[in-house]
Structures are given as structure tokens and as C-alpha cells.
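Q: Could you take a close look at one part of this model, the nonpolar core, and set it against what sits on the surface? I'd like one connected walk-through.

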Amino acid sequence: AMLESPQDLNARGRPTAARRAESWHMMTRSLGVRRNPAPPMPDEPRHVQQRASWDCGLACAEMALHFRGVEAERCSFGALAELCRTKSVWSIDLAVLLATKFGVRL
């Protein structure tokens with residue numbers, strides 16, 4: 001379906017979450033898919049600020065997971081820090097965490 005008005009676009013000129021959800025529904029219906037469509041994603045990633053000098057990776061992971069539609073309580077900063085079980089989080093720790101606990105393909 002074509003965009004019908006500027007209200008279908010967010011501030012960056014991309015389709016809004018509502019418009020993406022509507023397009024997904026129309027596409028799956030036309031293909032005969034009989035399952036629920038994926039929940040709409042937010043229009044923009046939510047900003048998460050670092051809390052200490054060592055936790056930039058956790059803040060970034062929280063933003064990315066939230067943007068992908070992971071429930072807030074599963075991808076909160078505290079939940080991610082608890083899953084890492086360390087105060088010195090390295091990139092490999094985050095890669096393993098994202099792959100094993102959240103199914104992110106690396």
C-alpha cells in the first residue's frame with residue numbers, strides 16, 4: 001500500500017509503527033498467512049544513558065533489544081546486568097548474552 005499522508009511518516013521520514021503494522025497485516029493477509037502479525041516496533045530507539053564508566057555496552061544492548069520489541073522487564077539495564085554477573089562487561093559477554101538469552105543472530 002502506498003503512503004497516503006505525511007502522518008504516515010515519523011520525524012525522519014520513515015513509516016510510523018502504526019503504518020508498518022498496517023502494511024504487515026495487509027501483506028500477510030494477501031499471502032493467506034493465518035497467524036498474528038508481529039507487534040509493531042517503536043518509531044525510534046529509546047535512549048538509555050550509561051550509569052557508570054563500564055556499562056556502555058549494557059546501555060546499548062538495552063536500547064537495541066527494546067527497539068527490537070523485547071519486553072521492557074526482560075531487557076532492562078538491571079536485568080541485563082544481572083545476566084552478565086560482572087561489573088566488567090566486554091563485547092564478547094554481550095554477544096554471548098544476546099545470542100543465548102535473546103536469540104540475536106550474530
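A: Let's start with a term for the surface: a patch is built from residues with over 30% relative accessible area and no salt bridge, and nonpolar side chains are joined into one when they lie within 5 Å. In this predicted model, Trp 90, Ile 92 and Val 96 make a nonpolar surface patch of about 360 Å². Val 96 sits in helix 4, which spans residues 91–102. Its relative accessible area is 45%, so Val 96 counts as partly exposed and clears the over 30% bar for patch members.

Now for the overall layout. The protein chain has four helices and zero strands, giving the pattern α-α-α-α when read along the sequence. Of its 106 residues, 23% are buried. The chain exposes about 7700 Å², with carbon and sulfur atoms supplying 57% of that. As for contacts between residues at least 6 apart in sequence, 33% join residues at least 24 apart.

On to the core itself. In soluble globular proteins, nonpolar side chains tend to be buried together. Here the largest nonpolar core has 14 residues, and the ones touching the most other members are Leu 58, Leu 65, Leu 80, Leu 94 and Phe 102. Helix 2 (56–67), helix 3 (77–84) and helix 4 each put in at least two residues. Helix 4 gives the largest share of this core, four residues. So helix 4 has two sides to its story, because it supplies core residues and also carries Val 96, which is partly exposed.

Zoom in on Leu 65. Leaving out residues up to four places away in sequence, Leu 65 touches Val 70, Cys 75, Leu 80, Leu 98, Phe 102 and Val 104. Among those partners, Cys 75 is buried, because its relative accessible area is 0% and the cut-off for buried is under 20%.

What about cysteine pairing? The structure holds zero disulfides. Cys 56 is in none, and the nearest cysteine sulfur, that of Cys 60, is 8.0 Å away, whereas a disulfide needs the two sulfur atoms within 2.5 Å. Cys 56 is partly exposed, at 45% relative accessible area.

One last stop, away from the core: Lys 87, in the loop between helix 3 and helix 4. With a relative accessible area of 65%, Lys 87 is exposed. The C-alpha atoms of Lys 87 and Ala 52 are separated by 9.7 Å, though the two residues are 35 residues apart along the chain.

Note on methods: Residues numbered from 1 in each chain as written. Predicted model: local features only at pLDDT ≥ 70, side-chain atom pairs only at ≥ 80, totals over all residues. Heavy atoms only, no water. Patch = residues over 30% accessible without salt bridge, like charges linked within 9 Å, V, L, I, M, F, W, Y side chains within 5 Å. Areas by Shrake-Rupley, 256 points an atom, 1.4 Å probe, with all protein chains shown as cover. Salt bridge = Lys/Arg side-chain N within 4 Å of Asp/Glu carboxyl O. Buried < 20%, exposed > 50% of the residue type's maximum accessible area, 1.4 Å probe, protein only. Core = buried A, V, L, I, M, F, W, Y, C linked by side-chain atoms within 4.5 Å. Contact = heavy atoms within 4.5 Å.
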